[in-house]
Amino acid sequence: MTKMKIDDGPDSQSQCKSRLNAIADALYAIGGKWKLRIIVGLLHGTKRFNELQRLIDGISAKVLSSELKELEMNGFVKRKVLTGTPVVVEYELTKYADTLDGVLDKLNEWGAMHRDNVRKSMKKKKTVEAS
């Protein structure tokens, strides 16, 4: 992100409010601990509920069910019920979920950079403590 010139005029405050609202909307739709993980889990294809639960460490069945419902409500996930014996329920990403590609790429890039910074910081701290 580039540094923006700070201006306290009415237009600037309006732009700030607009940006805050847009980010709040985005966080409502994909925020939280699990939603983006579920989306990433489905990037590699359709999955059954139990496959998703095994893939995403630490998520309970209750939370996964709730998050899938919210993702479906927001248009990111499609639930397919395949009738037969036994009945099979699968989840897949919608075309709308493709709009998150840039967001996921940037989060991945930033997350890797942040993890590297934390590791370097921890190494420096250990080196200082050992001296």
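These are legends for three close-up views of a predicted model.

**View 1. K47, a buried lysine without a salt bridge.** This close-up sits in strand 1, which covers residues 47–48 and includes K47. The lysine is buried, and the nearest side chain of opposite charge belongs to E51, 6.5 Å away. A salt bridge would need a side-chain nitrogen within 4 Å of a carboxyl oxygen, so E51 at 6.5 Å doesn't make the cut. What does the K47 side chain reach at 3.2 Å? It's the backbone oxygen of G41. Setting aside neighbours within four places in sequence, K47 is in contact with G41, L42, L52, L55, E90 and Y91.

**View 2. F76 and Y96, a stacked aromatic pair.** The structure has just 1 aromatic pair to show off. The ring centres of F76 and Y96 are 5.1 Å apart and the planes meet at 25°; planes under 30 degrees apart count as stacked, so this pair gets that label. F76 comes from the loop between helix 4 (61–73) and strand 2 (77–82), while Y96 comes from the loop between strand 3 (88–93) and helix 5 (101–130). The pair therefore ties together parts that are 20 residues apart in sequence. As for burial, F76 is buried, at 5% relative accessible area, whereas Y96 is partly exposed, at 47%.

**View 3. R37 over the face of W34.** Here an arginine and a tryptophan share the frame: R37 lies over the face of W34, 5.2 Å from the ring centre.

Terms used
Residues are numbered from 1 along each chain as its sequence is written. This is a predicted model: local features need pLDDT of at least 70, side-chain atom pairs count only at pLDDT 80 or more; totals for chains, interfaces and linings use all residues. Side-chain values use heavy atoms; hydrogens and water are left out. Helices (H or I, at least four residues) and strands (E, at least two) are DSSP runs, numbered from the N terminus. Buried means under 20% relative accessible area, exposed over 50%, partly exposed in between (1.4 Å probe, protein chains only). Lys and Arg count as positive and Asp and Glu as negative; His and the chain ends are not counted. A polar contact is a pair of N or O atoms within 3.5 Å; within protein, one must be able to donate a hydrogen and the other to accept it, and residues adjacent in sequence count only if both atoms are side-chain atoms. Contact means heavy atoms within 4.5 Å. Rings of Phe, Tyr and Trp (its six-membered ring) pair if their centres lie within 6.5 Å; planes under 30 degrees apart count as stacked, over 60 as edge-to-face and the rest as tilted. A charge sits over a ring if NZ of Lys or CZ of Arg is within 6 Å of the ring centre and within 35 degrees of the ring normal.
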